[in-house]
Every structure is written in C-alpha cells, then in structure tokens.
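Could you walk me through this protein in my viewer, one selection at a time? I am new to this and would like to know what to click and what I will find there.

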Amino acid sequence: MATHETRMLIIGSGPAGLSAAIYGARAGMKPIVVQGLQPGGQLTITTDVENYPGFRDVIQGPWLMQEMQAQAEHVGTRMLWDTIVDIDLSGSPFTATGDSGDIYIGDTLVIATGAQAKWLGAPGEQEWSGKGVSACATCDGFFYRGKKVVVIGGGNTAVEEALYLTNHSQDVTLIHRRDSLRAERILQDRLFAHSNIKVLWNKAIDHFAGEDGKGLTHLDLVDTVTGARSQEAADGAFVAIGHAPATELFKGKLALDDSGYIVVTPGTPKTAIPGVFACGDVMDHTYRQAVTAAGTGCMAALDAERFLAERDFEIAQAAE
C-alpha cells in the first residue's frame with residue numbers, strides 16, 4: 001500500500017480525464033490520473049473515428065487514446081492503474097481509496113468516470129458491434145450514407161437519433177417494444193411528420209444477424225403482443241435505450257440528476273463542492289462526444305488551477 005499526493009487528482013482516463021491532465025500538468029499541478037476499469041474510456045472500444053478535429057483520414061479510437069495518454073505523460077502526468085472504491089469529499093484535500101489499497105490525496109478532484117451505453121443484451125449484439133451495431137448515431141451514422149438503418153428505443157435519444165440519421169439515409173426505421181413513445185411530444189411530432197422514417201410498434205429484438213465480411217444484414221424480431229416473428233433488413237442498427245453514468249461512487253456525496261449524472265453549475269464543470277469538478281460524459285447527457293468531453297476536461301483543469309490559486313492567495317494573506 002502506498003499514498004499518492006497531488007495538486008490535482010483525476011479519476012478516469014478518457015478524453016475528458018486526459019485533457020484535464022494535459023492542461024493540469026502544463027499548469028504545474030503534477031496531476032495523477034487513476035485509470036479505472038476501462039483505461040482510455042469508450043474510445044478504446046471504438047474502431048473508426050472520423051469526427052475528431054485534426055485528422056483528415058479515419059483514425060482508430062485506441063490509437064487516439066494512446067496518443068492522448070502519451071501527451072499527458074510527456075508534460076508531467078502520472079498514470080496509475082487502479083480503480084477507486086471509496087472517496088471522502090468532506091473538504092480539500094480529498095481522499096480516495098483504490099481497490100489496490102493505495103490512498104490518493106488531491107487538493108482538487110476532477111471526476112471523469114464517463115458513462116456507458118446501455119445495451120439490449122440480445123444475441124449477436126456484441127458480435128456485430130462496430131460491424132453494423134452501434135450505440136451512437138452522431139458518431140457512426142456517417143458510415144451508413146444511403147443505406148438502410150434502424151434505431152431501437154422509444155425515448156428522446158432514440159427519436160433524436162432517428163431524426164439525425166435522415167441526414168444520411170432515406171430509409172430509417174424506429175423499432176419500439178411498446179405501442180407509444182416516451183419521447184417529448186415535439187420530438188414525436190417531428191418524427192411522425194418525416195417521410196423517411198417509419199415506426200415498428202410492439203417489436204422486440206430477438207437476434208442481430210450478419211454475414212462475415214459483410215457485417216450486419218438483418219434483425220430477427222418478435223411481436224411483444226402476439227409473439228409473431230419477423231425480420232427487418234438493416235445495414236446499421238443503433239441501440240438508443242440510454243446511457244448509464246459511472247457515478248455509483250458518488251451517490252450520497254454529490255448531487256446527481258434523475259438519470260444519475262453529476263449536477264454541475266450550468267456552463268461549467270463545477271460541482272456543489274468547491275474544488276471538485278466533473279467533466280465528460282459523467283456530467284453530459286446531451287452531447288456525449290469525444291471532442292466535447294475533451295473540452296470540458298480542459299475547463300475542469302483551468303477551474304481547478306484557479307481554485308488553487310485563489311486558495312493559496314487566501315492562505316498567504318492570512319499568514320501575514
């Protein structure tokens with residue numbers, strides 16, 4: 001067991017956490033990043049990335065995260081392999097306990113634990129993930145230009161993704177297991193008015209099916225009322241049943257919204273506890289993009305540096 005102390009402790013190592021580390025290190029805060037269960041975040045399981053600024057050609061998600069980590073380490077970040085299992089947010093410095101037994105103490109804390117897409121768990125879903133099955137239309141819709149796509153879900157996210165996909169496809173199908181949508185009425189009105197979208201009601205996904213070398217080809221469906229079976233051809237299937245932010249560690253310690261995301265002051269990464277900042281998908285249930293996560297990571301580091309500068313000034317003034 002060991003104790004690690006830093007001016008800025010970062011939990012999570014996706015684009016948000018690593019961007020915070022880069023800015024924090026350049027500000028001389030010698031940040032520590034505790035990498036967590038999925039080092040590199042969701043981009044490590046994303047193959048083709050075509051929308052991250054600065055790269056004219058398609059890049060690979062794992063490669064992008066390796067480069068971000070190398071940059072963070074190059075400017076002075078310490079990367080530690082551990083998972084935080086307990087944390088004390090009663091006041092700065094903040095103390096976190098790792099699964100290894102190590103103790104991490106940070107004058108400021110940046111939470112960048114991210115979120116995970118919820119999956120159906122149907123057969124073939126993970127087998128064809130990245131080969132026709134996705135959980136992010138804004139990330140992957142571009143790859144299905146002019147092809148037949150389906151969206152699975154009935155809430156705001158599903159309707160928004162179906163509408164978004166009409167930018168790329170003239171054949172979009174929304175599949176919902178019930179006979180009515182949960183989405184806001186204004187979104188439903190836009191969906192039903194769109195000539196390129198059809199809705200399949202009372203249908204559950206029984207199986208995602210594909211062919212080697214071709215990818216996803218169709219979905220096997222079962223009617224939730226009659227039990228009848230059917231097939232729906234699809235080149236791309238977007239599972240849009242929500243995301244689960246990784247905030248279990250912070251329940252009862254930080255304000256969370258109804259969906260479990262960390263509540264921050266609008267337009268900032270500031271939580272209700274001075275010196276504690278949240279960035280990336282753990283506080284963003286609207287955009288959920290690598291570039292927006294990186295942006296909020298930058299914001300968290302800048303605000304952490306300001307917090308420490310103001311605190312150090314107050315301490316110096318009190319000592320005179």
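Here is a short tour that begins with the whole chain and then moves to single residues.

**Stop 1: the whole protein**

Before you zoom in, keep in mind that this is a predicted model. Show the chain as a cartoon, and you can look for 6 helices and 19 strands. Turn it around: the C-alpha atoms fill a box of roughly 75 × 40 × 35 Å along the principal axes. The radius of gyration is 22 Å, which agrees with the value near 20 Å for a compact globule of 320 residues.

Now switch on the surface. The protein exposes about 15,500 Å², and carbon and sulfur atoms supply 50% of that area. Of the 320 residues, 50% count as buried. Among contacts with a separation of 6 or more, 60% are between residues 24 or more positions apart.

**Stop 2: Met 79**

Select Met 79, which lies in strand 5 (residues 78-80). Is Met 79 buried or exposed? Met 79 counts as buried because its relative accessibility is 12%, and the cut-off for buried is under 20%.

Which residues does Met 79 touch, leaving aside those up to four places away in sequence? Select Ser 13, Leu 18, Val 33, Gln 35, Gln 69 and Glu 73 to see them. Take Leu 18 from this group: Leu 18 and Met 79 are 61 residues apart along the chain, yet 9.7 Å separates their C-alpha atoms.

**Stop 3: a hairpin**

Next, select residues 203-223. Strand 14 (residues 203-211) and strand 15 (residues 215-223) run antiparallel, joined by 8 bridges. For one facing pair, click Phe 208, which stands opposite Leu 219 in strand 15. Then look at the turn: 3 residues sit between the strands of this hairpin, and Gly 213 takes a positive phi near 85°.

While you are looking at strands, here is a handy general point. In a regular strand the side chains alternate between the two faces of the sheet.

**Stop 4: Arg 7 and its partners**

Now for some charged residues. Side chains of opposite charge can pair when their charged atoms come close. The model has 12 salt bridges, and Arg 7 is a good place to begin.

Show the side chains of Arg 7 and Asp 107, which form a salt bridge with an N to O distance of 3.8 Å. Arg 7 is in strand 1 (residues 3-11) and Asp 107 in strand 8 (residues 103-111), so this pair, 100 residues apart, links distant parts of the chain. Arg 7 counts as partly exposed at 29% relative accessibility, whereas Asp 107 is buried at 16%.

Add Asp 312 to the selection. Its side chain also meets Arg 7 in a salt bridge, here at 2.7 Å from N to O. Asp 312 belongs to helix 6 (residues 290-319), so the pair ties together parts that are 305 residues apart in sequence. Asp 312 is partly exposed, with a relative accessible area of 29%.

**Stop 5: Lys 148 and Asp 171**

Move on to Lys 148, which forms a salt bridge with Asp 171; their closest N and O atoms are 3.4 Å apart. Lys 148 is in strand 11 (residues 148-152) and Asp 171 in strand 12 (residues 171-175), 23 residues apart. Lys 148 is buried at 17% relative accessible area, while Asp 171 counts as partly exposed at 33%.

**Last stop: a network**

Finally, select Arg 7, Asp 107, Arg 311 and Asp 312 together: salt bridges that share partners join them into one network.

Conventions. Residues are numbered from 1 along each chain as its sequence is written. This is a predicted model: local features need pLDDT of at least 70, side-chain atom pairs count only at pLDDT 80 or more; totals for chains, interfaces and linings use all residues. Side-chain values use heavy atoms; hydrogens and water are left out. Helices (H or I, at least four residues) and strands (E, at least two) are DSSP runs, numbered from the N terminus. Buried means under 20% relative accessible area, exposed over 50%, partly exposed in between (1.4 Å probe, protein chains only). Contact means heavy atoms within 4.5 Å. Two strands pair if DSSP finds at least two bridges between them. A salt bridge is a side-chain nitrogen of Lys or Arg within 4 Å of a carboxyl oxygen of Asp or Glu. The radius of gyration is taken over C-alpha atoms; the globule rule is 2.2 Å times the number of residues to the power 0.38. Accessible areas come from the Shrake-Rupley method with a 1.4 Å probe; for residues, only the protein chains shown count as cover.
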